[in-house]
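User: Hello! I have a model open at the bench and would like a close look at its inner spaces and the rings beside them.

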Amino acid sequence: IIFSVGILSLNFSALLIWIMGFFSRSRRVLLGGAGAVVALPLGYALAQQLLGPSFGEIPQLAFQKNPTNLHLLSQCPSLTSEMKLMDFISPHVDSFIYTYVSSRRSVKFKVNQTLTLPDGGTIGVDWLTPPDPDRTTPTVVVMHGLTGCTRSMFTHIRKLQAAGFAVAGVNRRGHGTPLLPLTTPKFSVFGDADDLREAVMHIHRQVPKSPIVLLGLCAGAGSILACVANEGEKFYNKKKLSGGDKDPYEDFPVRAALALSPAYHLPTILATMPWIYSKYFAYRLTKGYLETNKEILQSHPGFPEAWKSSTFAEFVERAVPFTGFKSLGAYLEQYSMDRYIKYCAVPTLLLTALDDPVCVRAMADGVIPRIPQNPHIFLVTVNRGSHAGFIQSLWRWSSWMDDASVEFISAVAKLSSGEGAPRSATAQRQ
């Protein structure tokens with residue numbers, strides 16, 4: 001704490017020097033102050049890199065305590081033991097570093113596929129390695145965040161690859177590198193559950209023996225939760241009509257889901273997002289969707305209003321005509337955690353930091369008490385970590401979020417095969 005306060009004091013002093021140099025028009029003072037402003041946080045990070053991460057805590061877990069779940073968690077040490085993260089003073093700095101690292105590094109996908117959807121829209125499927133129809137180990141389907149693409153998921157994909165998993169990234173409509181232009185006047189800021197289902201089935205047809213695991217970040221987390229909830233609701237309705245105790249996802253090959261930094265309550269996000277993020281996302285979405293695809297969108301109702309959006313909330317509301325939903329409420333309802341808690345029927349990890357500047361703490365606090373209602377959901381919260389950082393090391397990029405994800409996927413894969421299941425759970429499945 002003393003060290004952090006000292007660094008902050010020095011940084012504030014350096015900032016004052018820079019301001020004095022700006023008004024006095026002294027180039028030496030200006031450059032000296034600017035150098036100090038940049039150097040002090042870097043020095044602080046270097047000190048942690050040499051001495052070790054400065055912040056440690058044990059993750060808090062919310063789940064239904066039954067033998068199967070307890071056994072699964074016993075194989076995930078990152079979720080049950082102390083984690084140590086680097087402290088960059090502000091969660092905004094953590095998010096900036098993560099975004100910078102992700103944008104400056106890239107993943108080389110071996111196979112790039114374009115999938116045409118039933119309505120004529122197109123999405124992309126990028127394979128890290130060519131699909132192998134004989135593969136029996138899990139294939140992780142990765143969904144990117146609000147403004148990114150599969151390549152922006154570099155840090156997660158690298159860790160999954162090192163663990164031996166096959167990885168297939170899905171680019172939503174209007175996303176991708178190179179950019180996948182819209183072929184119909186339809187897009188969704190938070191992703192489309194039906195589009196994701198089409199992508200999953202497309203992937204499954206190429207690796208029929210491989211269990212599918214969904215992993216999504218931020219907006220990508222919302223789309224995978226909506227997709228899994230939709231399939232669970234179908235099973236729930238079928239069971240009410242016909243009875244029986246079939247596999248809830250016999251027609252949908254997903255065996256687990258991971259939602260990293262999800263938005264538990266979208267209306268809260270729209271109302272509380274910090275202005276700098278709100279302005280930034282409104283600009284990126286306007287440019288990425290409307291400006292890039294102006295020719296196909298400009299004649300569609302809602303385009304002039306969406307074009308004038310100055311905040312994220314305005315863009316989401318005014319772009320509803322492009323989503324296929326009749327109202328903002330109906331659009332946001334598909335991402336409701338109430339639906340997911342009720343209908344989820346596969347092991348699911350929800351991982352969030354309570355200092356997340358985008359998906360604020362109040363949303364997670366409202367969900368935690370209800371998690372034990374569903375035996376398949378594990379909610380993990382930590383006090384620090386920001387939106388997507390959870391940085392353990394900068395020298396060789398390491399994120400606690402990635403370690404926890406790999407352990408959870410490995411544990412679920414063993415459980416599904418019967419290899420890592422407790423005796424009672426195995427007998428029950430047999």
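How many cavities of 30 Å³ or more does a search of the whole structure find? Please look closely at the largest cavity.

Analyst: Happy to help. This is a predicted model, where local features need pLDDT of at least 70 and side-chain atom pairs count only at pLDDT 80 or more, while totals for chains, interfaces and linings use all residues. Residues are numbered from 1 along each chain as its sequence is written, and side-chain values use heavy atoms, with hydrogens and water left out. The protein chain has a mean pLDDT (the predictor's confidence in each residue, from 0 to 100) of 83, and 78% of its residues reach 70 or more.

The search finds five cavities of 30 Å³ or more. A cavity here is a set of points, on a 1 Å grid over the protein atoms alone, where a 1.4 Å probe fits but cannot get out; lining residues have an atom within 4 Å of a point. A volume is the space filled by probe spheres set on the points, which are joined across faces, edges and corners.

The largest cavity holds about 140 Å³. Its lining counts 15 residues, and those closest to the centre are Phe-190, Cys-218, Ala-219, Ala-263 and Leu-266. Helices H8 (219-242) and H9 (266-272) each give at least two residues to this lining; helices are DSSP runs (H or I) of at least four residues and strands are runs (E) of at least two, numbered from the N terminus. By class, the lining has 13 nonpolar, two polar and no charged residues, with Ala, Val, Leu, Ile, Met, Phe, Trp, Tyr, Cys and Pro taken as nonpolar, Asp, Glu, Lys and Arg as charged, and the others, Gly among them, as polar.

Now to the rings. Phe-190 and Phe-312 are both buried, that is, under 20% relative accessible area with a 1.4 Å probe, protein chains only. Rings of Phe, Tyr and Trp (its six-membered ring) pair if their centres lie within 6.5 Å, and planes under 30 degrees apart count as stacked, over 60 as edge-to-face and the rest as tilted. The search finds 14 aromatic pairs. One of them, Phe-187 with Phe-322, is stacked, at 5.1 Å centre to centre and 15° between the planes. The pair of Phe-190 and Phe-312 is edge-to-face because the ring centres are 6.1 Å apart and the planes at 90°. Phe-190 sits in the loop between S7 and H7 and Phe-312 in helix H13, so this pair ties together parts 122 residues apart in sequence. Ring pairs also link Phe-190 and Phe-312 into a cluster with Tyr-280, Phe-281, Phe-325, Tyr-331 and Tyr-335.

Methods. On a 1 Å grid over the protein atoms alone, a cavity is a set of points where a 1.4 Å probe fits but cannot get out, and a pocket is an open set with protein on both sides within 12 Å along at least five of seven lines; lining residues have an atom within 4 Å of a point. Buried means under 20% relative accessible area, exposed over 50%, partly exposed in between (1.4 Å probe, protein chains only).
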